[in-house]
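Grab your viewer and work through a few short exercises on cysteines, a buried serine and some empty space. Each one comes with a worked solution.

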Amino acid sequence: MCGGVAAIDYDNDGRMDLFFTNGAKLPELKKTTPSYYNCLLHNNGDGTFTDVTAKAGLDGESLGFCFGVAVADYDNDGKQDIFICNAGSNALYHNNGDGTFTDVSAGSGLDHKPENVLSVGAAWFDYDNDGLLDLVVTNYTVWNPKTDKQCFMDAGHEEYCSPTVYKSVASRLYRNLGHGRFEDVTEASGIGKAFGKGMGISIADFNGNGLMDIFIANDTEPNFLFINQGNGTFRESGLEYGVAYNPQGDSVSGMGSDAKDFDNDGWVDIVYNDLAGQVYGLLKNEGGKSFSDVTWTSRLGPLSRNLSGWSIGFIDFNNDGWKDIYSANGDVDNLTLASRQHDTMFRNVDGKTLEDVTDQMGPDFLFAGYQRGAAFVDLNNDGFMDLVVTSLGERPLILMNNALVRNHWILFDLRGYKSNRDGIGARIKVVTASGRALYNHVSTSVGFMSSSDRRTHFGLGNETRIDHVEIRWPSGIVQRIDHPAADQIMKVEEPIQAAT
């Protein structure tokens, strides 16, 4: 699994930097082979990066085996902080504002979890709309290097064990109490009643009631959909909403996931990927009441049948106003050359149909490996989303979008006051001069073990004029902006007014 990546502007210079988790060597190997820990790369703004890991205090050598990463300003001080999921204790790093970070895990409440539970991914969101970002963490099983199970093929070659060998566990929910303190509300919230093997995690208001819900893709277990009840509790409704199983009634090896409005109808849809032979899933939100499986009618089924996917997400790579689907691929086992796979890009044609345009993405996109984590980020602030991809045993790929199709765009950089400062959970509607409505919301939790650009992206196609923008903040405040210019990164501050 190892290999998450986060987009983070840690020094507030307006350029997105990159943070990588890199796992660690098992204890018995540390003395004989090099160990690679976490890495922070500063974006120099000229197409190059500088490794500032040591200076920032983020190498993570003491953390053990690192998996996912989630970035957000948890204390509303204007600086992006980092949470890291581990096989051991999870870690919270506070951004000091001077280029350094401090490990503030001890005593925060985030450093405690059931013994030997392996945490894979995490997402920041404000589930109670109190202006403080809470944290949900997906857990996979109970594991540590000393009790690691060994499984072998017929020829005696060691391979990864089937997920069915491992115990299912609950994800964890931590409520932000302020002042750097978090309360584990897993049991009280109802999250602790559902046991699975949590992988991808996606946050959105799926039923349009102003409260953020949680989708979790599970490996070989039914997917979870936790619907926010508004009283501090969640109801697991995956079966009721039609997202728990595939159309055949089977649970799949769910890996990454994302939640965005695929068809621009104002309701947030879901995509997830899994292993070869299972086909990825595309779920259309039917007015906040249920989801219909459009995997086959969209052609995602036949397009993904032979793929083993990990990170996945909705990305409008050509700025035509339709969110396309990217998947980072690679088999589980690396026993044969054929198990290496390249990534895929499926173009959203009309909100209903997908087209495989992978071969148009350039030779670097076609690198075959064992891709795992991926982040969507505009690294050069040109309005076209770039990709950063990790691959087992390889250097990461930083894939710059050449923007050969000169469609127009707008990026929103939100700042909350009554709402959380990052604006996570804010719903944005853009109406162009022609009357076309486009939808997105602020969320960094995309794909698998990774954290994407906090700024919210809209492609505008060939339209150069926007009629108006409507922002529904988590506080309940509704803000309208008339006739903003296209092709800009627009900073928007939440109005100081009573919620409407």
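## Exercise 1: Sorting the cysteines

Start with Cys66: its sulfur is too far for a bond, because the closest cysteine sulfur, in Cys85, is 9.4 Å away. Keep in mind throughout that this is a predicted model.

**Task.** Work out which cysteines a disulfide joins, and what becomes of Cys39.

**Solution.**
1. Set the cut-off: a pair of cysteine sulfur atoms counts as a disulfide when they are within 2.5 Å.
2. Apply it to the model, and the count comes to one disulfide.
3. That disulfide joins Cys151 to Cys161, with an S to S distance of 2.1 Å.
4. Look at where the two ends sit: Cys151 is in strand S11 (residues 151-152), while Cys161 is in the loop between strand S12 (158-159) and strand S13 (169-170). The two are 10 residues apart, and the pair links distant parts of the chain.
5. Check the twist about the S-S bond: 105 degrees, a right-handed link between Cys151 and Cys161.
6. Now Cys39: it is in no disulfide, and the nearest cysteine sulfur, that of Cys66, is 12 Å away.

## Exercise 2: Buried or exposed?

**Task.** Decide for Cys161, Cys39 and Cys66 whether each is buried or exposed.

**Solution.**
1. The cut-off you need for buried is under 20% relative accessible area.
2. Cys161 comes in at 12% relative accessibility, so it counts as buried.
3. Cys39 has 14%, so it lands in the buried class too.
4. Cys66 has a relative accessible area of 1%, so it is buried.

## Exercise 3: A serine in a loop

**Task.** Find out where Ser108 sits and which residues it touches, skipping residues up to four places away in sequence.

**Solution.**
1. Locate Ser108: it lies in the loop between strand S8 (101-103) and strand S9 (117-125).
2. Check its accessibility: with a relative accessible area of 1%, Ser108 is buried.
3. List the contacts: Ser108 touches Leu92, Gly180, Arg181 and Phe182.

## Exercise 4: Enclosed space

**Task.** How many cavities of 30 Å³ or more are there, and what lines the largest cavity?

**Solution.**
1. Count them: there are two cavities of 30 Å³ or more.
2. Take the largest cavity, which holds about 280 Å³ of space. Among its 24 lining residues, Lys260, Phe314, Met385, Asn440 and His457 are the closest to its centre.
3. Ask which elements contribute: strand S21 (257-260), strand S25 (309-315), strand S34 (437-441) and strand S35 (456-461) each give two or more residues to that lining. S35 gives the most, with four residues.
4. Split the lining of the largest cavity by class: nine nonpolar, eight polar and seven charged residues.
5. Move to the second largest cavity, with a volume of about 40 Å³. S9 and strand S17 (198-204) give two or more residues to its lining, and S17 gives the most, with three.
6. Its lining divides into six nonpolar, five polar and no charged residues.

## Exercise 5: An open pocket

**Task.** Describe the second largest pocket by volume, lining and residue class.

**Solution.**
1. Volume: the second largest pocket has about 570 Å³ of space.
2. Lining: 24 residues line the pocket, with Gln360, Met361, Met400, Asn401 and Asn402 nearest its centre.
3. Elements: strand S27 (344-348), strand S30 (386-391) and strand S31 (397-399) each supply at least two lining residues.
4. Class: the lining of this pocket has 16 nonpolar, five polar and three charged residues.

How values were computed: Residues numbered from 1 in each chain as written. Predicted model: local features only at pLDDT ≥ 70, side-chain atom pairs only at ≥ 80, totals over all residues. Heavy atoms only, no water. Buried < 20%, exposed > 50% of the residue type's maximum accessible area, 1.4 Å probe, protein only. Contact = heavy atoms within 4.5 Å. 1 Å grid on protein atoms, 1.4 Å probe; cavity = no way out; pocket = protein on both sides within 12 Å on 5 of 7 lines; lining within 4 Å. Points joined across faces, edges and corners; volume = space filled by probe spheres on them. Nonpolar A, V, L, I, M, F, W, Y, C, P; charged D, E, K, R; others polar.
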